[in-house]
Amino acid sequence: IQFANAEDKQEFSKYPTKAGRRSLSRSISQSSTDSYSSAASYTDSSDDETSPRDKAQVNTHGSSDFCVKNIKQAEFGRREIEIAEQDMSALISLRKRAQGEKPLAGAKIVGCTHITAQTAVLIETLVALGAQCRWTACNIYSTQNEVAAALAETGVPVFAWKGESEDDFWWCIDRCVNTEGWQANMILDDGGDLTHWVYKKYPSVFKKARGIVEESVTGVHRLYQLSKAGKLCVPAMNVNDSVTKQKFDNLYCCRESILDGLKRTTDIMFGGKQVVVCGYGEVGKGCCTALKALGAIVCITEIDPICALQACMDGFRVVKLSEVIRQMDVVITCTGNKNVVTREQLDRMKNGCIVCNMGHSNTEIDVVNFKQITPQIPNGFKKLLKHVLQHLVESEQKVYPYIQLILRLLSITTTTTNISDPALALIELFNAPEGRYKQDVYLLPKKMDEYVASLHLPNFDAHLTELTDEQAKYMGLNKNGPFKPNYYR
Ligand SMILES: NC(=O)c1ccc[n+]([C@@H]2O[C@H](COP(=O)([O-])OP(=O)(O)OC[C@H]3O[C@@H](n4cnc5c(N)ncnc54)[C@H](O)[C@@H]3O)[C@@H](O)[C@H]2O)c1
């Protein structure tokens with residue numbers, strides 16, 4: 001496992017958003033990224049080394065307005081999208097309900113998200129609702145090449161492939177935004193890089209833009225900073241803090257992806273293992289539930305007495321990390337904070353202890369020091385991380401396999417619940433009457449959040465109880481919602 005060097009950090013610091021995440025992502029071994037998706041590794045094994053930028057490709061409709069790894073993989077990507085659709089009932093039902101009205105007719109959306117089968121379902125829903133879309137990837141490793149090909153084949157200009165260089169990454173963003181005869185009037189961003197690029201290179205786009213929808217913690221943070229500095233030129237919608245994102249993506253998706261990520265990369269048994277989870281927020285709760293169910297002995301660290309009490313009531317011991325670190329087999333950080341695991345604690349861990357991070361960036365674990373103490377892994381061992389582990393454990397070297405990126409990427413493969421939020425946020429911003437939204441950052445209206453949840457219910461054959469007139473009056477509610485105040489989480 002190699003870590004980003006000082007030059008990388010300097011290079012990335014030119015671009016203030018998500019830099020840490022990407023610099024780390026570049027440093028993760030190929031095996032880590034291959035394990036992200038079996039489909040992605042299918043793509044890689046059959047591909048040549050030529051950069052997509054040097055290839056002349058045309059889809060079957062004669063368009064060459066895209067840049068993907070290999071357009072010939074479109075059919076395989078289409079099958080993946082169709083499978084994803086089966087598990088994304090909310091978006092499909094939104095597509096059906098709103099298709100006649102075309103609420104996004106006239107919207108020209110430039111998007112920068114992970115390009116996976118799930119986001120393809122989102123993109124194709126936006127197109128079905130009337131939008132024109134151009135798309136690029138928010139992460140240099142997460143693109144499913146065959147999915148990008150399938151989108152390009154249907155006529156969505158996609159500029160993305162798995163394993164882009166830093167230069168490719170910004171080139172793709174630029175090709176998305178800067179095209180003759182077409183100007184975006186909406187932005188959908190995950191991480192703020194696209195927004196940053198438009199601000200820097202094409203600020204005139206904001207003269208006509210109706211708004212920005214942002215999906216990530218980092219991107220949202222930057223939008224609030226812009227707003228505070230009076231530099232936000234258009235209304236922005238923060239979908240990261242929607243209830244349907246936090247209570248579902250963070251809790252239930254992480255409950256699944258933590259095991260998926262750990263199993264794929266380490267292949268160890270969790271029954272009887274001593275695990276400490278730092279942070280008992282939504283993500284921590286999801287991780288703990290999953291690990292407990294496998295028979296792991298889980299304890300928690302917390303700074304907030306309420307979350308600590310919740311952990312106690314759920315049957316977990318609340319401890320200080322320093323006091324348990326020697327016994328732990330697995331350490332997982334879910335705080336979003338910095339230096340939660342310090343160099344001193346790393347030094348006191350068991351040989352082969354697995355340290356991983358579910359939080360939003362590479363700050364939770366003291367990565368700089370971590371780099372210094374991690375032994376150099378020979379090239380031959382990079383293919384399969386588990387073999388690396390085995391080798392290092394056998395040779396009794398101290399190793400802290402750091403697998404933040406894998407967990408992050410795997411978590412999006414299960415993120416099918418909240419992906420309707422950006423679609424609704426785009427519809428809301430695009431159709432809002434003049435003056436409803438100012439140049440500020442807004443949360444998705446509660447009613448829309450409730451609507452997203454309601455779209456999922458038929459899938460579970462769940463039937464809501466309707467308020468009677470008398471009950472609605474008694475509670476002071478509209479019978480059609482919203483059913484909770486904005487502050488309710
Ligand atoms: N990996 C993924 O797929 C994924 C998905 C969603 C969110 N996230 C990220 O996970 C992180 C946590 O998200 P969340 O929704 O659970 O947030 P949250 O605010 O609900 O929970 C974080 C918890 O960590 C606790 N905490 C803070 N500093 C601590 C410390 N030093 N020691 C122990 N506990 C500490 C807080 O009190 C809080 O309870 C965020 O950074 C978020 O961006 C990751």
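This passage describes a parallel sheet, two helices that pack on it, and the cysteines of a predicted model.

Residues are numbered from 1 along each chain as its sequence is written. In this predicted model, local features need pLDDT of at least 70 and side-chain atom pairs count only at pLDDT 80 or more, while totals for chains, interfaces and linings use all residues; side-chain values use heavy atoms, without hydrogens and water.

The sheet is open and parallel, with 7 strands in the order S3-S2-S1-S4-S5-S6-S12. Its edges are S3 (158–159) and S12 (441–443), each of which pairs on one side only. Here helices (H or I, at least four residues) and strands (E, at least two) are DSSP runs, numbered from the N terminus, and two strands pair if DSSP finds at least two bridges between them. Parallel strands S4 (residues 186–189) and S5 (residues 211–214) are joined by 4 bridges, and Ile-187 has Ile-212 in S5 as its bridge partner.

Helix H10 (residues 193–201) packs on this sheet, touching S1, S4 and S5 (contact: heavy atoms within 4.5 Å). The direction of H10 makes about 140° with that of S4; axes are lines fitted to C-alpha atoms, for helices over the stretch in contact, and angles run from 0 to 180 degrees between N-to-C directions. Helix H9 (residues 166–177) lies across S1 (108–113), S2 (132–137) and S3, at about 175° to S2.

Turning to the cysteines, the count is 0 disulfides (pairs of cysteine sulfur atoms within 2.5 Å). For Cys-278, the nearest cysteine sulfur, in Cys-334, is 7.6 Å away. The sulfur of Cys-287 lies 4.0 Å from its closest cysteine sulfur, also in Cys-334, too far for a bond. Cys-278 is buried (under 20% relative accessible area, 1.4 Å probe, protein chains only; exposed is over 50%, partly exposed in between), at 0%, and Cys-287 is buried at 0% as well.
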